[in-house]
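The following account concerns the interior packing and the principal pocket of a single model. Please consult the sequence and the coordinates alongside the text.

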Amino acid sequence: MSTVTHTSGPARSDTAPPSRPPADRRPKDAGNGFGGRIFNGFSHLFLAVWAIMVVYPLLWVVMSALKTDSEVIREPLSLIPDALQWDNFARAWTAGIDSFFLNTLLVLVFSVTLTMLLGSMAAYALARYEFRGNRLIYWMFLSGLTLPIYLAAVPLFKGVYNTGVSLPLLGPNKHLMLILVYVSWSLSFTIFFMHSFFRTLPDSIAEAAQVDGASHTRTFFSVMLPMAKPGLISIGIFNVLGQWNQWYLPTLLMQSVSGEPKNQVIAQGLIELSVNQGYKSDWSGLFAGVTMAMLPVLIVYIVFQRQVQSGLTAGVGK
């Protein structure tokens, strides 16, 4: 007869709970340590110094535009004028800034629009469709980023001059030619940026649109392009800033005729104003012109800064 032995007490589990490390061996948060506090303090100090280096020159230019000429010469680094001289802006505006502004806006409206349209279409085709020579065309566009514009100055000017002989609307000192040059100059970076962005968009949405009967053109303009809005805003801001501040190309192609700078843009206008106001010792008017040229792009960036940041990080986040 067999004997069954019963043991009292709770049943033991086959797997023991993991042992906790001693308190002195547990990992500590690096941010709470002494080294983390030093790093945070150094980074905050660096950002504060950088902010001062960026903000102070802007405030200096704006406040110098509200001073008199004697205050600019006597206290050049002071930020507080004795009295606000708003007439400096009116004087700079009537000195020629008004026509420079209109010329710049005229050129940028067409050049940025064409750059965004052609660049997004080319980037979409290169990013979404596989065909023979795809990578070759893509790298040919990217090669434009490696070519300094100064190396192309002589052939560019000769090409524009020779074109203007047969087509007067595309010759030197014409806004249409400057628009086309701006588009070709900005197209490489636009395609490079939008190509990476279009590759992050899901294929299922484009396939669903084509199943519903949408053509490739309708799919691009009605479905894919609205989805790429953050990227379009980001690269659009970069194109506006780059073309607004462009000085070399307008100086090369929009030279004044008989001393009359009627077709010149804002970058050339500031140089013209600095020369004229320098001879007149009208330094406050010069600072007013610089302020009026600086504020539009600064306002554009402040208004769209969130869209620019989201567009730059969208490709990484997806």
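In this predicted model, 20 residues line the largest pocket, and those nearest its centre are Gly144, Ile149, Ser184, Trp185 and Ser186. The space within this pocket amounts to about 470 Å³. Which helices supply at least two residues each of the lining? Helices H6 and H9 do so, and H6 gives the most, with 6 residues. Sorted by class, the lining of the largest pocket comprises 12 nonpolar and 8 polar residues, with no charged residues.

Attention now turns from the pocket to the nonpolar interior. The largest nonpolar core consists of 42 residues, and the residues with the most contacts inside it are Ile97, Met194, Phe198 and Ile266. At least two residues of this core come from each of the helices H3 (87-128), H4 (134-143), H6 (175-199), H8 (216-227), H9 (229-244), H11 (266-280) and H12 (283-303). Of the contributors, H3 gives the most to this core, with 12 residues.

Phe198, one of the residues with the most contacts inside the largest core, merits closer inspection. When residues up to four places away in sequence are left out, Phe198 touches Ser120, Ala123, Tyr124, Ala127 and Arg128, together with Phe220, Met224, Leu225 and Ala228. Separate from the largest core is a second one of 15 residues, including Met177, Ile179, Leu252 and Met254.

Helix H6 thus links the two topics: H6 supplies at least two residues of the largest core and gives the most to the lining of the largest pocket.

How values were computed. Residues are numbered from 1 along each chain as its sequence is written. This is a predicted model: local features need pLDDT of at least 70, side-chain atom pairs count only at pLDDT 80 or more; totals for chains, interfaces and linings use all residues. Side-chain values use heavy atoms; hydrogens and water are left out. A nonpolar core is a set of buried Ala, Val, Leu, Ile, Met, Phe, Trp, Tyr and Cys residues joined through side-chain atoms within 4.5 Å. Buried means under 20% relative accessible area, exposed over 50%, partly exposed in between (1.4 Å probe, protein chains only). Helices (H or I, at least four residues) and strands (E, at least two) are DSSP runs, numbered from the N terminus. Contact means heavy atoms within 4.5 Å. On a 1 Å grid over the protein atoms alone, a cavity is a set of points where a 1.4 Å probe fits but cannot get out, and a pocket is an open set with protein on both sides within 12 Å along at least five of seven lines; lining residues have an atom within 4 Å of a point. Grid points are joined across faces, edges and corners, and a volume is the space filled by probe spheres set on the points. Ala, Val, Leu, Ile, Met, Phe, Trp, Tyr, Cys and Pro count as nonpolar, Asp, Glu, Lys and Arg as charged, and the others, Gly among them, as polar.
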